[in-house]
Amino acid sequence: MKLIVVKNSDEMSKLAAEKMLAVIKEKPNATIGLATGGTPKGVYAELRKDHQENGTSYGQIKTVNLDEYVGLSPDDPNSYHYYMNEEFLSHINIKEENIHLPNGIADDLQTECKRYEEIISSLGGIDLQLLGIGHNGHIGFNEPGTSFESRTHLVHLTEETIQANSRYFDSIDDVPTKALTMGIKTILESNEIILVANGKEKAKAIKFLVEDPIDELVPASALRSHANVTIIVDEAAASLLQKEQK
Ligand SMILES: N[C@@H]1[C@@H](O)[C@H](O)[C@@H](COP(=O)(O)O)O[C@@H]1O
């Protein structure tokens, strides 16, 4: 696992975008795993800017998102479908049929989880997965205690996650209590993984990830068993790490 500490969130976003563009240029038909949340917004801004200025093509790129809330339709402004279109996908030349997110309003959620796993396999797996991290060390919506063998599944969100994510909703009562997420095994099968985190609210989660033993109680710690992971954090998110790590 490679840890890169940068000055601030702008530098974090620039570096993550640079690494994503390197993969997209080397493999123009790559499958890119995307994340939502506040943290990657700057990364998508950099990719949009690059597309406008340099014309990087997404004509053959496929995307698979990590997760989606259960019960929110794609046109709900709090859905991850909506977020992805707003922040990134509607600004680039990606083909509609190459965009994949779990369907949080599917009639049969178990079947939807299977369908999503099949899509990822049919694409030949994920070349590069972008990740954020939850305050409690979750990745995607894999909450503490999730098996490292898990595949796409239905999750009951913890109070902590509902609380943390309520900042994006009008009221905490509007935050869905369930979500569909790629499993930890699904994520770990990606060829390359980039995790981004900024701000002091993420310092504890980064400390767990980097310094604590690998444990299912810290979902992100599973990344330490992967051969090609880069963690890009700003100084605030790295502030609780021991000096020799930085
Ligand atoms: N499912 C998402 C995660 O993929 C994301 O990493 C996390 C942190 O979000 P933020 O970047 O807004 O702190 O939030 C949500 O729970």
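## Exercises on strands, helices and cores

In strand 10, Ile193 has Val229 as its bridge partner. This pair is the starting point for the exercises below, which concern a predicted model.

### Exercise A: the pairing of a strand

Determine which strands are joined to strand 10 and in which sense they run.

*Solution.*
- Begin with the pair Ile193 and Val229, the latter lying in strand 10. Strand 9 covers residues 192–197, and 5 bridges join strand 9 to strand 10 in a parallel arrangement.
- Next, take Val6, whose bridge partner in strand 10 is Asp234. Strand 1 spans residues 2–6, and strand 1 and strand 10 also run parallel, joined by 5 bridges.
- Finally, place these pairs in the whole sheet. The sheet is open, has 7 strands in the order 1-10-9-6-2-3-5, and its pairing is parallel. Its edges are formed by strand 1 and strand 5 (99–100), each of which pairs on one side only.

### Exercise B: the two sides of a strand

State which residues of strand 10 point one way, which point the other way, and whether they are buried or exposed.

*Solution.*
- Recall the general pattern: side chains in a regular strand alternate between the two faces of the sheet.
- Apply the pattern to strand 10. Val229, Ile231 and Val233 point one way, while Thr230, Ile232 and Asp234 point the other way.
- Now consider burial, for which the cut-off is under 20% relative accessible area. In strand 10, 6 of its 6 residues are buried, so that the strand is mostly covered.

### Exercise C: a helix on the sheet

Find which strands helix 1 touches where it packs on the sheet.

*Solution.*
- Locate helix 1 at residues 9–26.
- List the strands in contact with helix 1: strand 1, strand 2, strand 6 (128–131), strand 9 and strand 10 (229–234).
- Compare directions: helix 1 makes about 165 degrees with strand 9.
- Examine one further pairing in this sheet. Strand 2 (residues 31–34) pairs with strand 3 (residues 62–65) in the parallel sense over 4 bridges, and Leu34 stands opposite Asn65 in strand 3.

### Exercise D: the buried side of a helix

Explain why the buried residues of helix 2 lie on the same side of the helix.

*Solution.*
- Describe the helix. Helix 2 (41–54) has 14 residues and reaches 20 Å from its first C-alpha to its last, close to the 20 Å expected at 1.5 Å a residue.
- Identify the buried residues of helix 2: Val43, Tyr44, Leu47, Asp50 and His51.
- Use the general rule: an α-helix has 3.6 residues a turn, so residues three or four places apart point the same way.
- Draw the conclusion. The buried residues cover an arc of only 120 degrees around the axis, and therefore lie on the same side of helix 2.
- Look at both sides. The buried residues pack against helix 1, strand 2, helix 3 and strand 6, whereas the face turned away from the buried side carries the exposed residues Gln52 and Glu53.
- Note what comes after the helix: Gly55 follows helix 2, and its phi is positive, near 70 degrees.

### Exercise E: the nonpolar cores

Establish which element gives the most residues to the largest nonpolar core.

*Solution.*
- State the extent of the core: it has 41 residues, and those with the most contacts inside it are Met20, Ile32, Leu47, Tyr58 and Phe88.
- List the contributors. At least two residues each come from strand 1, helix 1, strand 2, helix 2, helix 3 (80–87), strand 6 and strand 9.
- Select the greatest contributor: helix 1 gives the most, with 8 residues.
- Distinguish the other core, which is separate, has 26 residues and includes Tyr116, Ile193, Ile231 and Leu241.
- Inspect one core residue. Beyond its neighbours within four places in sequence, Phe88 is in contact with Leu34, Tyr44, Leu47, Arg48, Tyr58 and Tyr83.

### Exercise F: the surroundings of a tyrosine

Decide whether Tyr80 is buried or exposed, and name the residues in contact with Tyr80.

*Solution.*
- Place the residue: Tyr80 belongs to helix 3.
- Apply the cut-off of under 20% relative accessible area. Tyr80 has 10% relative accessibility and therefore counts as buried.
- List the contacts of Tyr80, leaving aside its neighbours within four places in sequence: Thr36, Asp67, Glu68, Tyr69, Leu101, Phe141 and Asn165.

Methods:
Residues are numbered from 1 along each chain as its sequence is written. This is a predicted model: local features need pLDDT of at least 70, side-chain atom pairs count only at pLDDT 80 or more; totals for chains, interfaces and linings use all residues. Side-chain values use heavy atoms; hydrogens and water are left out. Two strands pair if DSSP finds at least two bridges between them. Contact means heavy atoms within 4.5 Å. Axes are lines fitted to C-alpha atoms, for helices over the stretch in contact, and angles run from 0 to 180 degrees between N-to-C directions. A nonpolar core is a set of buried Ala, Val, Leu, Ile, Met, Phe, Trp, Tyr and Cys residues joined through side-chain atoms within 4.5 Å. Buried means under 20% relative accessible area, exposed over 50%, partly exposed in between (1.4 Å probe, protein chains only). The expected span of a helix is 1.5 Å times one less than its number of residues. The arc is that of the directions from the helix axis to the C-beta atoms.
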